[in-house]
Amino acid sequence: MVDNKNAIALMGNHEYNALCFHYQETDGGHLRKHSIKNIIQHYETRKQFQNQQAEYETYIEWFKTLPLFYGTDQFRAVHACWDNKNITYLRTVLSSDRLTDDLIYQSVSKSTKLHDAVKEVLKGKEIIPDGVAFTDKDGTSRSDLRIKWWVDPVNATYKSISVEPIDGLPKIHLMPGSLKNMDYYCDEKPVFFGHYWLKGRPGLYKDTVCCLDYSVARAGFLVAYPFDGEEKLREDKLVFV
């Protein structure tokens, strides 16, 4: 569909991870370390390309053609998080909203503006509640909490701002200053995204906020929204199977 100009595909965290898993560091190793956890995450993909190295490398090159975000006068689309400051910054450094080889190498340097912006756009905003750990869908113990970047954080609690319903999260208010750039709650333009492996019947978070990832790879729903330029999204327009 992309090749025939019928669709625009966006980069997600898995495509970015695949690039980093593939790219070698100058002093040995890879940009995404070949640890046991990371090898397991990439195993099925690599297995499907067994004895097809050339084809695998064409897909790696194709991943680099994927923009990190897309926006028009009517709507926005991103894999995980539309943060206005991140998007504005990335537009100044990316090449046609895409990562180059040099930028991929630069983006893995932690505590840099590029690393933080790419991470939030592709993986969403996260916080670390004090003394709270939980197990994710892959059985990995985590302490970083995926948060609803489209809500006003002023009166939010750890429990209310978590994207996923997680047992044991404290119902206490967030520490002042623990969240930055949380301004989409006052933005009027509809935004579409995926990433979060939601469960249950598809719906809208707000009339301008639509997540379309409902765990189709894990017996969930394949979801679409036929957008017709409306300023306010309608839940009854969601299509899913």
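Axes here are lines fitted to C-alpha atoms, for helices over the stretch in contact, and angles run from 0 to 180 degrees between N-to-C directions. Helices are DSSP runs of H or I with at least four residues, numbered from the N terminus.

The model is predicted: local features need pLDDT of at least 70, side-chain atom pairs count only at pLDDT 80 or more, and totals for chains, interfaces and linings use all residues. Residues are numbered from 1 along each chain as its sequence is written, and side-chain values use heavy atoms, with hydrogens and water left out.

**Exercise 1.** Describe how H1 packs against H2.

Step 1. Find helix H1 at residues 13–22 and helix H2 at residues 36–48.

Step 2. Their axes are 11 Å apart and meet at an angle of about 100°. H1 is therefore roughly perpendicular to H2, a label for angles of 65 to 115 degrees.

Step 3. Now look at the contact (heavy atoms within 4.5 Å). From H1 come Asn17, Ala18 and Phe21, which meet Asn38, Ile39, His42 and Arg46 of H2.

Step 4. Sort these residues: three are nonpolar, three polar and one charged. Here Ala, Val, Leu, Ile, Met, Phe, Trp, Tyr, Cys and Pro count as nonpolar, Asp, Glu, Lys and Arg as charged, and the others, Gly among them, as polar.

**Exercise 2.** Do the same for H4 and H6, then place leucine 90.

Step 1. Helix H4 (residues 84–93) packs on helix H6 (residues 113–123) at about 120°, with the axes 10 Å apart. H4 is therefore oblique to H6; oblique covers angles that are not under 35 (roughly parallel), over 145 (roughly antiparallel) or 65 to 115 degrees.

Step 2. On the H4 side, Asn86, Ile87, Tyr89, Leu90 and Val93 meet Lys113, Leu114, Ala117, Val118, Glu120 and Val121 of H6. This contact divides into eight nonpolar, one polar and two charged residues.

Step 3. Leucine 90 sits in H4. Its relative accessibility is 0%, so leucine 90 counts as buried (under 20% relative accessible area, with a 1.4 Å probe and protein chains only).

Step 4. Leaving out residues up to four places away in sequence, leucine 90 touches Phe69, Leu114, Ala117, Val118 and Val121. Leucine 90 and valine 121 are 31 residues apart in sequence, yet 9.7 Å apart from C-alpha to C-alpha.

**Exercise 3.** Is serine 107 buried or exposed, and what does serine 107 contact?

Step 1. Locate serine 107 in helix H5, residues 101–107.

Step 2. Serine 107 has a relative accessible area of 1%, so this residue is buried.

Step 3. A polar atom of the serine 107 side chain lies 2.8 Å from the backbone oxygen of isoleucine 104.

Step 4. Neighbours within four places in sequence aside, serine 107 is in contact with Tyr16, Leu114, His115 and Val118.

Technical notes: Helices (H or I, at least four residues) and strands (E, at least two) are DSSP runs, numbered from the N terminus. Buried means under 20% relative accessible area, exposed over 50%, partly exposed in between (1.4 Å probe, protein chains only). A polar contact is a pair of N or O atoms within 3.5 Å; within protein, one must be able to donate a hydrogen and the other to accept it, and residues adjacent in sequence count only if both atoms are side-chain atoms.
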